[in-house]
Structures are given as C-alpha cells and as structure tokens.
Amino acid sequence: MTRLGGPGDDRTSVGEGAEAAALEVADAVESLTTVWSLAAQAPTLRLSLHQLRALRTLETAPGLNLTALAERLDIGLPTASRLCDRLEAAGLLERVLHPHKRREVRLTLTTQARRVLGDVARRRARTLAAVLRDMGPADRAALSQGLRAFLAALHEGLPGPDAERRDPGPAASDRGRSDEVPGSGRPGM
C-alpha cells in the first residue's frame with residue numbers, strides 16, 4: 001500500500017501535481033478494491049473475483065462467445081474455457097448454440113447468476129454507503145465531483161477507433177482543477 005502521510009511514508013510531503021494525486025488515488029483505489037472484493041463475498045457464495053468479473057461481463061454483453069469473453073477479460077482461451085466450465089457446473093452459465101452459426105456457442109447467464117449479481121450489487125452498495133455515511137456532506141460532494149471529473153478526463157483521453165492514441169495535452173489536465181477541495185478549505189489532490 002502507498003501509505004500516504006501514514007507510518008512508513010518515505011516522502012517528506014504529499015506535494016502537489018498529478019504524480020502526488022496519482023499516489024493518493026492509488027492508495028484509495030487499493031482500499032476501495034479490498035472493500036469492494038470483501039463486500040462481494042458471502043459464506044454461501046464461493047466465486048472468485050475472475051468468475052464475478054466474467055458474470056458481470058456477460059451481464060453487460062449478453063450472448064458473447066468464448067473468444068469474445070476471453071478478449072474482454074484479457075485472458076487466454078483455455079483459461080476462459082475452464083472459467084466457463086466452473087460457472088456452468090455451478091449453474092450460473094449456459095452454453096447455447098448460435099441460432100444461425102452452427103459452430104458458434106453463445107454464453108448466457110442463468111436466472112441464478114442474475115440473482116447472484118443482484119445480491120453482490122446490493123451488498124457492495126450497502127458497504128459503500130456505510131463508508132460514505134462516515135464522511136461529511138462536503139467530503140462526499142467533493143468525492144462525487146472528483147470522480148465525475150476523473151471519469152470525464154478518462155473518457156476524453158481514451159483513443160477512438162480512428163486514433164492510435166490521443167494526447168490531451170497539458171491544457172486538458174488542468175481543466176476543472178482547483179487548488180482546494182470545495183467547501184473543505186483543504187488543499188486538493
């Protein structure tokens with residue numbers, strides 16, 4: 001863990017700029033990932049994060065074939081096949097022949113898988129809500145505003161189908177930046 005400002009912090013100050021903000025965000029993401037992962041687990045639910053990710057991918061893109069799922073998960077075809085075997089054995093996935101392509105098999109979620117995903121989403125939302133309740137209203141608003149700005153910058157910087165890589169330049173990184181977190185009187189990230 002990055003340990004910003006805590007025990008083991010080898011930097012003399014957090015500093016300012018994109019690099020310092022990146023370290024702070026990395027620390028927060030690591031903590032959030034732990035909370036997110038633990039909230040997804042239940043004693044009756046024995047699914048790995050990879051299995052949950054596969055189910056979520058198939059929920060958002062129903063009817064993928066094995067190759068497309070492997071590509072979206074950025075895993076090899078044999079790994080994807082074993083993953084689907086386990087999900088099918090657990091009653092969460094069905095392999096269905098494509099109606100027009102005899103050689104293609106579509107992957108579809110079962111009703112049980114949809115229930116599992118709904119349960120995971122509710123458990124995660126409750127866990128995040130509990131953490132957010134411990135924050136003050138100004139901090140929640142600042143977090144929400146910061147996340148919206150982060151997503152906008154992320155989507156703006158993503159390459160389009162015709163561009164190899166778009167460089168937003170220095171002006172884009174300074175847009176919407178503030179030296180202070182609104183309503184807090186504290187320096188921003």
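Helices here are DSSP runs of H or I with at least four residues, strands are runs of E with at least two, and both get their numbers from the N terminus. With that in hand, D74 is easy to place: the residue sits in the loop between α3 and α4 (77–89). What you're looking at is a predicted model, with 7 helices and 4 strands in the protein. The mean pLDDT is 78, but some stretches fall under 50, including residues 1–14.

**Overall picture**

- Going along the sequence, the elements come in the order α-α-α-α-β-β-α-α-α-β-β.
- The protein has 189 residues, and 24% of them count as buried.
- Its accessible surface adds up to about 13,100 Å², with 56% of that belonging to carbon and sulfur atoms.
- Take the contacts between residues at least 6 apart in sequence: 41% of these join residues at least 24 apart.

**How far to trust it**

- A pLDDT of 70 or more is reached by 74% of the residues.
- At the start of the chain, residues 1–14 stay under 50 in pLDDT, and the model gives them 17 contacts beyond four places in sequence.
- At the other end, residues 162–189 are also below 50, and this stretch has 30 contacts in the model beyond near neighbours in sequence.

**The second largest pocket**

- This pocket holds about 390 Å³ of space.
- Helices α1 (18–40), α2 (49–60) and α5 are the elements that each give two or more residues to its lining.
- Which helix gives the largest share of that lining? It's α2, with 7 residues.
- The lining has 16 residues in total, and those nearest the pocket centre are W36, L52, R53, R56 and R124.
- By type, the lining splits into 6 nonpolar, 5 polar and 5 charged residues.

**R53, a pocket residue with partners elsewhere**

- R53 belongs to helix α2 and is among the residues nearest the centre of the second largest pocket.
- Buried or exposed? Neither, really: R53 counts as partly exposed because its relative accessibility is 39%, and that class covers values between 20% and 50%.
- Leaving out residues up to four places away in sequence, R53 touches R72 and L73.
- L73 is 20 residues from R53 along the chain, and their C-alpha atoms are 7.8 Å apart.

**D74 and its backbone**

- D74 has a positive phi of about 55°, although it is not a glycine.
- With a relative accessible area of 69%, D74 is over the 50% cut-off and so counts as exposed.

**G63, in the loop after α2**

- G63 lies in the loop between α2 and α3 (66–73).
- Its relative accessibility is 22%, so G63 is classed as partly exposed; the cut-off for buried is under 20%.
- Which residues does G63 contact, once neighbours within four places in sequence are set aside? They are R106 and L107.
- G63 and R95 are 32 residues apart in sequence, yet 9.3 Å separates their C-alpha atoms.

**G91 and T110, two loop residues in contact**

- G91 is found in the loop between α4 and β1 (93–97), while T110 is in the loop between β2 (105–109) and α5 (111–133).
- Setting aside neighbours within four places, G91 is in contact with T110 and Q112.
- On the T110 side, the contacts beyond four places in sequence are G91, L92, L93 and E94.
- G91 and Q112 are 21 residues apart in sequence, but their C-alpha atoms are 7.1 Å apart in space.
- Why does T110 count as buried? Its relative accessible area is 11%, which is under the 20% limit.
- G91, at 27% relative accessibility, counts as partly exposed.

Conventions: Residues are numbered from 1 along each chain as its sequence is written. This is a predicted model: local features need pLDDT of at least 70, side-chain atom pairs count only at pLDDT 80 or more; totals for chains, interfaces and linings use all residues. Side-chain values use heavy atoms; hydrogens and water are left out. Buried means under 20% relative accessible area, exposed over 50%, partly exposed in between (1.4 Å probe, protein chains only). Contact means heavy atoms within 4.5 Å. Accessible areas come from the Shrake-Rupley method with a 1.4 Å probe; for residues, only the protein chains shown count as cover. On a 1 Å grid over the protein atoms alone, a cavity is a set of points where a 1.4 Å probe fits but cannot get out, and a pocket is an open set with protein on both sides within 12 Å along at least five of seven lines; lining residues have an atom within 4 Å of a point. Grid points are joined across faces, edges and corners, and a volume is the space filled by probe spheres set on the points. Ala, Val, Leu, Ile, Met, Phe, Trp, Tyr, Cys and Pro count as nonpolar, Asp, Glu, Lys and Arg as charged, and the others, Gly among them, as polar. pLDDT is the predictor's confidence in each residue, from 0 to 100.
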